[in-house]
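Biologist: Could you walk me through this one? I'd like to go question by question.

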2 protein chains.
Amino acid sequence: MSAPRTQPIALECHHSTPGSVSTPTWHRLRDALLALIDSLGNNRKRPCRLPAEREMIARFSTTRITLRDALTQLEGEGRIYRENRRGWFIAPSRLHYDLLAGLAFHDMVESQQRQASTLLLSASTVPAPLHIARRLWLSEGSAVQRIVRVRAIDGRRVLYVEHHLRPDCFPGILDFDLAQHSLTALYRHEYAIRIARVDYELGSTIFGGPAGEALHATPGTAAQRITRINRDQNGRVVDCDDEYWRHDAIELALSAVPRGG
Amino acid sequence: MSAPRTQPIALECHHSTPGSVSTPTWHRLRDALLALIDSLGNNRKRPCRLPAEREMIARFSTTRITLRDALTQLEGEGRIYRENRRGWFIAPSRLHYDLLAGLAFHDMVESQQRQASTLLLSASTVPAPLHIARRLWLSEGSAVQRIVRVRAIDGRRVLYVEHHLRPDCFPGILDFDLAQHSLTALYRHEYAIRIARVDYELGSTIFGGPAGEALHATPGTAAQRITRINRDQNGRVVDCDDEYWRHDAIELALSAVPRGG
DNA sequence: AAGTGGTCTAGACCACCGG
DNA sequence: CGGTGGTCTAGACCACTTT
């Protein structure tokens, strides 16, 4: 006995996409979910959770897999996000992240009328892995200071960062309160080091491993990777960062004069 | 009758992830697929296709959905990619895209020993949509030149671009062969306009609509959006671009002096 | 303890691509 | 037209979170 391909969704089938023969069910579901999202009112400070998957299944007369396809689409668009095993939530608007503004995280967030918080996961001196050593012009295995933090906007964990510092530049820096102070402020005021040049590398990946766990991100969801190498006023490399952002949490921007005119 | 939760995979279960109680099947599958990918030899110029899904199902004794979960993971990591309804392929290494190098697409690609090609989809004068009008300092509905192109690296379509130009800057530019010439070269040599400042906006989304279709990207797969507003040597906005890249095709880079020291 | 999302089974039909 | 990937059904068990 073959299961008939039913189309049980009782939704208004607006914009039937001329040029495309059939609109997949998940696409119509997507529209219904968007209406649901709008009806929930999206711009609060409290995390706004969607109904349980099984409830949405009942409401829309569909299957778990199809529903999750539609949710995954919206997740990719950045309209909703997941906390691992906790549910689906409406995504707040993106933080505007100007790569060349030279702003510390807290300043950047607060300048956009949002609340920043930082959680220190670890701060210790460790032997440099090869890829870190290369960036910092050190030899593999030599000591570097490693700082791992999680940062949140309005209580939502959005960023996992690993810093690696050249210890010859920042003796004793691990003794400061690294959850409260911006690193760049410490660099300047305690060590008279200014960041005068930044090399960025940006790419997209997925969460998984420590970064995913720290952000409560479901393994496999999209992440924005930002790697940064910082030089001081003398052109010397002093530290590097590896940032992993929830992809829907930021919009990157920069304004500059291109070379090779 | 309840289906027993079998674990039929006969793969070496390397690194059982201490600290995590159970490794999901798709995770072990992922490793098996990685081995398969390595065995296929990844760095050719010919697109290297994976076996059909049903064949991989048989080979790994698993289900379609589980297999696709694993494949989707690898797709998110940028190790493999899809062409819509055509199959899964091994992803070539990423193009290094220096945002501030001021290089035209062909020059950038060829400087990395790869082959660039461009397909012109449309070139016409159209009324400006609101968001374009705003960027170009025009009023909504006023005429702008619109150029849509698809660009490929080593034959693989990786980039969909829409340009919108201020027609007062570039009269008659649509009559040039826009598949062969770089726009910036035309700007300079035919109109004596140099791009002296660029405003970028970067974000991640998913394919769907014209961009996805033009790249043969499966709807819902990850895309890197790059929006660009170009100013000439007099500070005047002359055009803007909307680029959609296959997320695995590029790695963005830039080096600059941050403000707000 | 109840409920949630994460994972998985074992199929089926359909649209589309390539030969 | 055969084979492929895209979509969908109708469930189940499990790990984990929350009550």
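Biologist: Which residues are buried in helix 3 of chain A?

Modeller: Keep in mind that this is a predicted model. Buried here means under 20% relative accessible area. In helix 3 of chain A, the residues that meet this are Leu67(A), Ala70(A), Leu71(A), Gln73(A), Leu74(A), Glu75(A) and Gly76(A).

Biologist: And what do the buried residues of helix 3 of chain A pack against?

Modeller: Chain B takes part, through strand 7 (195–206). From chain A, the partners are helix 1, helix 2 (53–60), strand 1 (80–83) and strand 2 (87–90).

Biologist: How far apart are the end C-alpha atoms of helix 3 of chain A?

Modeller: The helix has 14 residues, and at 1.5 Å a residue it should span 20 Å. The model agrees with that, because the end C-alpha atoms are apart by 20 Å.

Biologist: Which element gives the most to the surface near DNA strand D?

Modeller: That surface divides into 6 nonpolar, 8 polar and 14 charged residues. With 3 residues, the element that gives the most is helix 3 of chain A.

Biologist: How far is a base nitrogen of DNA strand D from an N or O atom in the side chain of Arg64(A)?

Modeller: A polar contact needs a pair of N or O atoms within 3.5 Å. For Arg64(A), the side-chain atom and the base nitrogen of DNA strand D are at 3.4 Å.

Biologist: Which residue has a polar backbone atom 2.8 Å from a phosphate oxygen of DNA strand D?

Modeller: Trp26(A) uses its side chain instead, with an N or O atom 3.1 Å from a phosphate oxygen. The backbone contact at 2.8 Å belongs to Glu53(B).

Terms used: Residues numbered from 1 in each chain as written. Chains lettered and ligands numbered in written order. Predicted model: local features only at pLDDT ≥ 70, side-chain atom pairs only at ≥ 80, totals over all residues. Heavy atoms only, no water. Polar contact = N/O pair within 3.5 Å; in protein donor to acceptor, adjacent residues only side chain to side chain. Helix = DSSP H or I, 4+ residues; strand = E, 2+ residues; numbered from the N terminus. Nonpolar A, V, L, I, M, F, W, Y, C, P; charged D, E, K, R; others polar. Expected span 1.5 Å × (residues − 1). Buried < 20%, exposed > 50% of the residue type's maximum accessible area, 1.4 Å probe, protein only. Contact = heavy atoms within 4.5 Å.
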